[in-house]
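Okay, my turn. Let me put the model up on the screen, and then I'll walk you through a few spots.

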Amino acid sequence: MPTPIIAGNWKMNTTVREAALLASHLRGSLGGVSGVEVVLCPPFVSLAEVARTLEGSPLKVGSQKMHYDDKGAFTGEVSPHMLLGLCQYVILGHSERRRDFAETDAIVNRKVRKAMQVGLRPILCVGELLADRQADREEAVVSASLRASLEGVTASESLVVAYEPVWAIGTGLAATSQQAQVMCALIRRLLSEQFGKEKATAIPILYGGSVTPANIQELASQPDIDGGLVGGASLNAAQFTQIVVTTASVRS
Ligand code: PEP
């Protein structure tokens, strides 16, 4: 079983000062927790400050985005090499970037391969729309997206996958633990096909979508759910701390 991961996606929230303060609170409340890898993903402009705040602690830092090229004329973009030294993880293929910034599976695939090549741990997000679930095609949609996003990827050691049903993100309507388990088990099977069973067993698969202190216990108890990608609740130090502590106790 992989070490569980709880990653906080702060999205476009917090000034640099607020980000440092939140990171400092979390360092205080979570610096001593063991058995769970904690990853804070602040906005890009706060990465350096948050990294400084967490220096010497076990808490890790992640970026919310990354370009696939090393450098060049890509105004406003962030290169993988710029992230090295600032963070260890990068969220790729989040549904908000797919929806609002036209990130396709093909683009996500280039980013995943690049992140792994330079030594960043990708948290690859896949998930179906509400319309897909209503039409009973969530398994087909997620399978196609995962396969395309991982095309040509041969090494799995640094990979993290997050199952994030789009209808559950920011809505307060989390998937049931059973729905989430079914989809994470599907993802595990697909990873087995690509990397072999042993390697697939070691890949952390996270659930994301309205995770709270109230539902994390049941979610993290599922055999194929190795933690969570947390949006809204990650901005509240007390709630995020509770989510991490509960995950640690469930998995210990
Ligand atoms: C997310 O942003 O990935 C997310 C799951 O958000 P929330 O927890 O707010 O639903």
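So, F44 counts as partly exposed, because its relative accessibility is 35%; the scale is buried under 20% relative accessible area, exposed over 50%, partly exposed in between, with a 1.4 Å probe and protein chains only. You'll find F44 in the loop between β2 (37-41) and α2 (47-54). Helices here are DSSP runs of H or I with at least four residues, strands are runs of E with at least two, and both are numbered from the N terminus.

Before I go on, the small print: this is a predicted model, local features need pLDDT of at least 70, side-chain atom pairs count only at pLDDT 80 or more, and totals for chains, interfaces and linings use all residues. Numbering runs from 1 along each chain as its sequence is written, and side-chain values use heavy atoms, with hydrogens and water left out.

Back to F44: together with V16 and V45 it makes a nonpolar surface patch of about 260 Å². Patch residues have over 30% relative accessible area and no salt bridge (a side-chain nitrogen of Lys or Arg within 4 Å of a carboxyl oxygen of Asp or Glu); nonpolar side chains (Val, Leu, Ile, Met, Phe, Trp, Tyr) are joined within 5 Å, like charges within 9 Å. The areas are Shrake-Rupley with a 1.4 Å probe, and for residues only the protein chains shown count as cover.

Next, rings. How many aromatic pairs does the structure hold? Just 1. That's Y163 with Y207, tilted, at 6.3 Å centre to centre and 50° between the planes. The rule is centres within 6.5 Å for rings of Phe, Tyr and Trp (its six-membered ring), with planes under 30 degrees apart called stacked, over 60 edge-to-face, and the rest tilted. Y163 is in β6 (residues 160-163) and Y207 in β7 (residues 205-208), so the pair ties together parts 44 residues apart in sequence. Y163 is buried at 0% relative accessible area, and Y207 is buried at 1%.

There are charges over rings, too: the charged end of R97 sits over F101, 4.3 Å from the ring centre, and R110 lies over the face of Y68 at 3.9 Å. The cut-offs are NZ of Lys or CZ of Arg within 6 Å of the ring centre and within 35 degrees of the ring normal.

Last stop, backbone. D136 has a positive phi, near 60°, without being glycine. D136 sits in the loop between α6 (130-134) and α7 (138-149), and counts as exposed at 67% relative accessibility.
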